[in-house]
Amino acid sequence: PANRASAKSFVDTFGAMGGTATDKALEEAYRIKGARAFYLLSDGSPSHGMGTPLPPEEVYKVVRRGDQGRGITIHTMGFVGANKAFMQKLSSMTGGRYSDIPND
């Protein structure tokens, strides 16, 4: 319960800034030695800044390159507005799960 409360407090500090650089976030995450799982939270679709969409396949390439047989699971969680189909595919290709994040 304490970890869950701490995680919720941390997520409550997030703010939207107009871009969803999923590829860059995952590239950085894959640099973590010994990682076994990542949790990706999003309220949009992959992009580079405002109005520059990033094809989901580009993110899937990052995952294939970054994992290199490590077997890292990616769990995805979508706020309202998230590209649910993209996030479901991303999590399923790594053995992870997708969850909706309620607006309350």
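This report walks through a predicted model of a single chain, from its overall build down to a handful of residues.

**Overall build**

Let's start with the big picture. The chain carries four helices and three strands, and reading along the sequence gives the pattern α-α-β-α-β-α-β. Its C-alpha trace spans about 35 × 35 × 20 Å along the principal axes. For 104 residues, a compact globule would have a radius of gyration near 13 Å, and the chain's 14 Å agrees with that.

How much of the chain is buried? Buried residues come to 34% of the 104. The exposed surface is about 6900 Å², with carbon and sulfur atoms supplying 55% of it. As for contacts with a separation of 6 or more, 64% of them link residues 24 or more positions apart.

**Two helices side by side**

Next, a helix pair. Helix α2 covers residues 22–29 and helix α3 covers residues 56–67; their axes come within 9 Å and cross at roughly 10 degrees. An angle under 35 degrees counts as roughly parallel, so that is how α2 and α3 sit relative to each other. On the α2 side, the contact is made by Thr 22, Asp 23, Leu 26 and Glu 27, while α3 brings Val 59, Val 62, Val 63 and Arg 65. Sorted by character, the residues of this contact are four nonpolar, one polar and three charged.

Helix α3 is also home to Lys 61. That residue is partly exposed, with a relative accessible area of 35%. Its C-alpha atom lies 19 Å from that of Arg 36, and the two residues are 25 apart along the chain.

**A few residues up close**

Here are five residues with their accessibility.

| Residue | Relative accessible area | Class |
|---|---|---|
| Ser 42 | 7% | buried |
| Ser 47 | 9% | buried |
| Ile 101 | 17% | buried |
| Lys 61 | 35% | partly exposed |
| Gln 68 | 65% | exposed |

Ser 42 is part of strand β1. Because the cut-off for buried is under 20% relative accessible area, its 7% puts Ser 42 in that class. Skipping neighbours within four places in sequence, Ser 42 is in contact with Thr 20, Met 77, Gly 78, Phe 79, Ala 82 and Met 87.

Ser 47 sits in the loop between β1 (37–42) and α3. Which residues does Ser 47 contact, leaving aside its neighbours within four places in sequence? They are Gly 19, Thr 20, Ala 21, Thr 52, Pro 53 and Leu 54. Thr 20 turns up in the contact lists of Ser 42 and Ser 47.

Ile 101 belongs to the segment after β3 (98–100). With neighbours within four places set aside, Ile 101 is in contact with Leu 41, Met 77, Gly 78, Phe 79 and Val 80. Leu 41 is 60 residues away along the chain, yet the two C-alpha atoms are separated by 8.8 Å. Met 77, Gly 78 and Phe 79 are contacts of Ile 101 and also of Ser 42.

Finally, there's a backbone oddity to look at. Most residues other than glycine have a negative phi. Gln 68, though, has a positive phi, near 45 degrees. Where is Gln 68? This residue lies in the loop between α3 and β2 (73–78), and its relative accessible area of 65% makes Gln 68 exposed.

Key
Residues numbered from 1 in each chain as written. Predicted model: local features only at pLDDT ≥ 70, side-chain atom pairs only at ≥ 80, totals over all residues. Heavy atoms only, no water. Axes fitted to C-alpha atoms, helices over the stretch in contact; angles between N-to-C directions. Parallel < 35°, antiparallel > 145°, perpendicular 65-115°, else oblique. Contact = heavy atoms within 4.5 Å. Nonpolar A, V, L, I, M, F, W, Y, C, P; charged D, E, K, R; others polar. Buried < 20%, exposed > 50% of the residue type's maximum accessible area, 1.4 Å probe, protein only. Rg over C-alpha atoms; globule rule 2.2 N^0.38 Å. Areas by Shrake-Rupley, 256 points an atom, 1.4 Å probe, with all protein chains shown as cover.
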